[in-house]
Each structure stands twice: as C-alpha cells, then as structure tokens.
Amino acid sequence: MLHRYISILAMVIIAHGAIAQGWTKLKGPHGGTVEDFEYDAASGKLYAIVNNHLFVSTSSGTTWSEIPMPTNYYIEDILIDGSTLVGMLNGSQLMFSVDGGVTWEERGFTFLPIRTIRKLPGAGMFVGYGEYGIQVTLDEGLTWKKILDITPGWDLGIEMVVAGNGDIFVAHRPAGIQKYAFPGDASNPDSWDAANWTTPLPSGNDYPSIIITPADKIFITRYDDIQLKAVVESSVDYGATWQAVPMGGFAGNEAFVEPVWSIAPTGKLYLFDNSFQNPELWEYTDGAPTPWVKKGWPTSPIPDQKVKSAIWTSI
C-alpha cells in the first residue's frame, strides 16, 4: 500500500492509495512546523524535523518519538545514505549515525553555515548550501570547499537537487537555474572549480523551484517574463534544452508561491501550490493525454495553510 505524508504548519496529513480518495489528519509530530521528511525504506522509519528537533515514527506516522540530540546541538537537515543517517547539526557539523540517531559521530566542521545537504556520487561526498554559498566535502565533512558564492539573504529561496550522474542543479533568485557538472576527477579537490558553473535557464521575477526524477528528468516552476504567467518546464538532457509542460485548467496569472514537489514510487509527480488560503495540488503523469490533473485537497477554516514538505512512503 502506498502512503502519502504531508506537513502543513504543525499538522501531518496522510492519503491512502490513490491520492484523490481522501486524507487523514495524523497526531504529531508536535512542536511547530514540520520542515523536512526523510523515509528509510530499509527500516520503515519516517523521520521529521520540527523546529530543529528530530522525530521518528515506526508506525506509518501514527505515533512519533523525539530523538535526543547531543548536548547543545540542533539539527538543520538529514538524509539517508544507505544504512546511515546523515545530519547537518548546528549548521556547521556533518554528523553520522548508524543506529537511527541514538548516537552520532562528528567527522568535521565548516565555518560557513550550511542549511541543507545532498549526497553526491562517491563515498563520503556531499554538497550543502547556506547563507554564504554552496560547499562540497569529499571526505565526510573533514574539509569543505566553497564552489559558489551567494549574497546573504538570497539563500532563503534556494533549492538544490543532484542528478544520478552527479550534476548539481540549483534554483534561486536572482540567478535562475544554475548547473555544476560533476567533475571527471571528483575525488580531487582541485577539480571543483567555481568557474565550472553554467546557467541553463535565467531567472524570471520569482523564486524558481526544481525537482529531478529517478530517471534524471528535471522539472521546474518559474515566472515567464514574456508570457507574464507561471509556467512548468522540463528537461531530459541535464538542462541543455527545456520544454513547456502545459497545465490545463491552471490560470497561471500569478507566480507559484512556495511550491513543493514530491515523487511517488509510481513515477507520478505532485506539485503543491501555496498561492491560496488552501493549497492546490496537481498530479503529473508522464505520457498521459492530459498530463496534469488537479487533485482534491482538504479545506480548512485555518487561514493561510501552507504545505512545507511532502514525501511518499511504501509500507
């Protein structure tokens, strides 16, 4: 059975099977906004970060337990690397846990804050971004190298994905979609030159959003300055060319507001648009006669709900 977990402010909602069949509000994790989800398919554990606290569920999100962090540490981001839980703690320390967060081992430190981390191909290789730019580590966080400067403040709208071949794609205003081709000699720090960045797609007047599928097909949302509307585009050649992906029934007269993407195990894409009091949810099926279909979403009297993160799990 497929389950869908979404966080809205401090609430978690789950959809069973076909996403249009309905949603169920779950209890917890409590304490604030759910900022990120990670699912460990091997153990069936679902992890959530709530206001820099780490929670885990072993019951499909029905119940949650907080995982204590080491003293004076708070967590910014997590990812699953094989059987290892990798966390960015205090915005400066990349730490590793092989027992689900019970104990943590620190490998290194960076003086430039990092808010989000992604795994690169190759053992011990990660890329992260924060207030002052994008950095890579090739040795599990022992040393870091900055490969892109970012003006403080603009980092708030950054999204970053890594393709299967290691290419890094960054979506942010004011630059647009930037790409860093994975070096041929990636284990050599000297091969990571800041001059290697290209800009496959310049920015419009909003914050672009990006996701990449397991087949390395890239989707973005952005505002088209010429058509004066929000558009969705895709690329199947690592950003060399882009194709419009029309959304039937979508007015598009405004920019997408804080869009959130998610990919189902079936390959379907889901896009949450936070432009309205209640988010709009769109489902994309590649190759379908009508690829985009607007799906149901529970209404709420609470004003200004926003989807903050979303993830599919197979349970």
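## Aromatic pairs and buried strand residues

Tyr180, Phe182, Trp192 and Trp197 are joined into a cluster by ring pairs. The model is predicted: local features need pLDDT of at least 70, side-chain atom pairs count only at pLDDT 80 or more, and totals for chains, interfaces and linings use all residues. Residues are numbered from 1 along each chain as its sequence is written, and side-chain values use heavy atoms, with hydrogens and water left out.

**Exercise 1.** Count the aromatic pairs, then classify the pair Phe96 and Phe126 and place both residues.

*Solution.*
1. A pair of aromatic rings is described by the distance of the centres and the angle of the planes.
2. Rings of Phe, Tyr and Trp (its six-membered ring) pair if their centres lie within 6.5 Å; planes under 30 degrees apart are stacked, over 60 edge-to-face, and the rest tilted.
3. This rule gives 9 aromatic pairs.
4. For Phe96 and Phe126 the centres are 6.0 Å apart and the planes stand at 65 degrees, so the pair is edge-to-face.
5. Strands (E, at least two residues) are DSSP runs, numbered from the N terminus. Phe96 belongs to strand E10 (residues 93-97) and Phe126 to strand E13 (residues 126-130), so the pair ties together parts that are 30 residues apart in sequence.
6. Buried means under 20% relative accessible area, exposed over 50%, and partly exposed in between (1.4 Å probe, protein chains only). Phe96 has 6% relative accessibility and is therefore buried; Phe126, at 0%, is buried.

**Exercise 2.** Treat the pair Tyr180 and Trp197 likewise.

*Solution.*
1. The centres of Tyr180 and Trp197 are 5.1 Å apart with 70 degrees between the planes, and the pair is edge-to-face.
2. Tyr180 is in strand E18 (residues 176-180) and Trp197 in strand E19 (residues 197-202), so the pair ties together parts 17 residues apart in sequence.
3. Tyr180 and Trp197 are both buried.

**Exercise 3.** Find which charged residues sit over the rings of Phe96 and Phe126.

*Solution.*
1. The criterion requires NZ of Lys or CZ of Arg within 6 Å of the ring centre and within 35 degrees of the ring normal.
2. Arg107 lies over the face of Phe96, 4.3 Å from the ring centre.
3. Over the ring of Phe126 sits the charged end of Lys119, 5.1 Å from the centre.

**Exercise 4.** Describe the surroundings of Ser234.

*Solution.*
1. Ser234 is in strand E22 (residues 229-235).
2. Its relative accessibility is 5%, so Ser234 counts as buried.
3. With contact defined as heavy atoms within 4.5 Å, and residues up to four places away in sequence not counted, Ser234 touches Lys217, Ile218, Phe219, Thr241, Trp242, Gln243 and Val245.

How values were computed: Helices (H or I, at least four residues) and strands (E, at least two) are DSSP runs, numbered from the N terminus.
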